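Me: I am new to this structure and would like to understand the words people use for it. Could you take me through them, one reason at a time?

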Amino acid sequence: MAGLAGRLARRWCSGLLRSPLQVPALGLHMGGPAMRTSQKDFNNAVNQVKLLKEDPGNEVKLKLYALYKQATEGPCNVPKPGVLDFINKTKWDAWNALGSLSKEAARQNYVDLVSRLSASSESPSPEAPAADRKQPESDTLVVTSEDGITTIRLNRPTKKNALTNQMYHDIMAALQAASKDESVITVLTGSGDYYCSGNDLTNFASVPPGGLEEMARRGAVLLRDFVNCFIDFPKPLVAVVNGPAVGISVTVLGLFDVVYATDRATFHTPFSHLGQSPEGCSSYTFPKIMGSSKAAEMLIFGKKLTAQEACAQGLVTEVFPDGTFQKEVWARLKAYSKLPPNTMRISKQIIRNRERETLHTVNAEECRVLRERWQSDECMNAIASFLSRKAKL
Ligand SMILES: CCCCCCCCCCC/C=C/C(=O)SCCNC(=O)CCNC(=O)[C@H](O)C(C)(C)COP(=O)(O)OP(=O)(O)OC[C@H]1O[C@@H](n2cnc3c(N)ncnc32)[C@H](O)[C@@H]1OP(=O)(O)O
């Protein structure tokens with residue numbers, strides 16, 4: 001009986017992606033302050049599911065089905081199918097399990113799930129050895145793999161490694177690939193004197209046909225996907241902070257496992273100066289790491305921390321003299337890379353997994369708020385000032 005049920009369920013699920021009753025995110029936002037998803041975002045996600053390159057599997061398809069029903073019809077309101085009606089009973093169970101989840105939260109979860117599925121279906125094949133991996137299209141990101149360590153290097157030193165739209169996409173692809181390659185540790189670092197000066201403010205300079213609103217919508221989707229890659233990264237993730245760090249390059253540090261910094265590094269999140277609000281899950285991770293008042297001084301007032309201060313507050317693991325920084329850090333990482341890989345992964349999982357869904361919810365909420373901020377006069381004026389070379393941090 002179970003075998004028959006399984007076969008029927010598989011047959012039903014194989015047709016699911018072609019029907020409009022599609023699936024999203026593996027974790028659910030339960031209707032709290034999640035990012036508000038428009039009907040258009042939802043419709044786009046429904047269409048996107050049909051374009052997935054890989055079959056996401058029956059479990060995910062069922063989730064998509066249930067969320068679709070909840071998003072369009074609300075809580076399950078049809079009679080439970082009989083025990084022998086395996087397929088419809090499986091579908092009913094999945095829908096019914098969503099209880100009183102609001103239509104809006106279901107829409108949001110659907111869109112989130114589809115976005116994660118789309119990102120992972122675009123990643124390279126799981127077993128591709130790191131050495132054979134195709135480099136990103138541009139040279140602003142350099143990915144290398146040696147001694148069990150995959151290194152993702154921001155390589156735009158003349159612009160202080162400010163992150164272009166292309167770089168966000170390249171970093172996501174590099175993280176996806178590193179999560180599946182043979183390396184055991186992944187490192188993010190920068191070329192030149194800066195670690196990273198945050199979002200490239202010229203990302204906001206070309207407004208698409210849909211206007212400011214469309215630009216903000218696209219920015220929020222990009223940011224959410226980008227931060228999700230850090231939340232879900234399965235291997236030990238280390239930041240080698242080779243110089244000053246600004247904005248999003250600082251906020252995501254709360255999602256790294258270890259942060260090593262040169263004593264020349266500074267840590268600056270000038271969101272209020274830019275008419276923006278915290279991202280990278282920092283509204284959650286920073287108060288947890290350093291306490292709410294220290295977090296507020298950074299995230300609300302934009303206080304810049306020295307490396308030593310950041311270390312004292314728990315954001316940085318250890319600070320090294322600039323002269324010996326590279327030598328000491330890489331020697332240590334090479335030694336760590338000899339530790340048993342599966343054990344390290346499992347230890348990371350047990351440390352991080354409990355909070356993963358919370359982090360996804362925080363990320364969605366931060367993106368929702370930023371989407372509004374990006375359309376505000378305060379933000380537009382700050383960016384215009386920088387672009388017209390009147391303002392610097
Ligand atoms: C479709 C919509 C897409 C939207 C995409 C959104 C994606 C997610 C967004 C996530 C939200 C992120 C928020 C943040 O990261 S906030 C922080 C933003 N960063 C800044 O405000 C830093 C601005 N830069 C500076 O203040 C100074 O440049 C700095 C203090 C970093 C260094 O000063 P210094 O005097 O040492 O060097 P220069 O200013 O001469 O810099 C050299 C050149 O580099 C250019 N530069 C540096 N940083 C940036 C940057 N962030 N964006 C763009 N350009 C940058 C600088 O202009 C110089 O260029 P030129 O040589 O051509 O003048």
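Reply: Gladly! Let us begin with a term we will need: contact means heavy atoms within 4.5 Å. One more thing before we start: this is a predicted model.

Me: What covers the buried residues of α10?

Reply: The cover includes α8 (248-251), β7 (266-268), α9 and β8 (305-306). The buried residues themselves are A295, M298 and L299, in a helix that spans residues 292-299.

Me: How do you know that these buried residues are on the same side of α10?

Reply: Look at the directions from the helix axis to the C-beta atoms. For A295, M298 and L299, the buried residues of α10, the arc is only 85 degrees around the axis, so they sit on the same side of the helix.

Me: Why is α9 called oblique to α14?

Reply: Helix α9 (residues 282-290) packs against helix α14 (residues 356-373) at an angle of about 125 degrees, and their axes are 9 Å apart. Roughly perpendicular covers 65 to 115 degrees and roughly antiparallel starts over 145, with the rest beyond roughly parallel counted as oblique. An angle of about 125 degrees therefore makes α9 oblique to α14.

Me: Which residues meet where α9 and α14 touch?

Reply: From α9 come S282, S283, Y284 and T285, and from α14 come T358, L359, V362 and E366. The residues of this contact divide into three nonpolar, four polar and one charged.

Me: What makes C281 buried or exposed?

Reply: Buried means under 20% relative accessible area. C281 has 0%, so it is buried. This residue lies in the loop between β7 and α9, and it has a positive phi of about 70 degrees although it is not a glycine.

Me: How do you know whether C281 is bonded to C367?

Reply: A disulfide needs two cysteine sulfur atoms within 2.5 Å. The closest cysteine sulfur to that of C281 belongs to C367 and is 8.3 Å away, which is too far for a bond. C367 is in no disulfide either, and a search of the whole structure finds zero disulfides. As for its surroundings, C367 has a relative accessible area of 1%, so it too is buried.

Me: Why does D147 count as buried, exposed or partly exposed?

Reply: Partly exposed is the range between buried, under 20%, and exposed, over 50%. D147 has 38% relative accessibility, so it counts as partly exposed. You will find D147 in the loop between β1 (141-146) and β2 (149-154). Its phi is near 50 degrees, a positive value in a residue other than glycine.

Me: And what makes R332 buried, exposed or partly exposed?

Reply: The cut-offs are those just used: under 20% for buried and over 50% for exposed. At 25% relative accessibility, R332 therefore counts as partly exposed. R332 has its place in helix α12 (residues 325-336). Not counting residues up to four places away in sequence, R332 touches Y260, E318 and F320. R332 and Y284 are 48 residues apart in sequence, and their C-alpha atoms are 30 Å apart in space.

Me: How many helices and strands does the protein have, and what share of its residues is buried?

Reply: There are 15 helices and nine strands. Buried residues make up 51% of the 393 residues. Among the contacts with a separation of 6 or more, 78% come from residues 24 or more positions apart.

Key. Residues numbered from 1 in each chain as written. Predicted model: local features only at pLDDT ≥ 70, side-chain atom pairs only at ≥ 80, totals over all residues. Heavy atoms only, no water. Axes fitted to C-alpha atoms, helices over the stretch in contact; angles between N-to-C directions. Helix = DSSP H or I, 4+ residues; strand = E, 2+ residues; numbered from the N terminus. Parallel < 35°, antiparallel > 145°, perpendicular 65-115°, else oblique. Nonpolar A, V, L, I, M, F, W, Y, C, P; charged D, E, K, R; others polar. Buried < 20%, exposed > 50% of the residue type's maximum accessible area, 1.4 Å probe, protein only.
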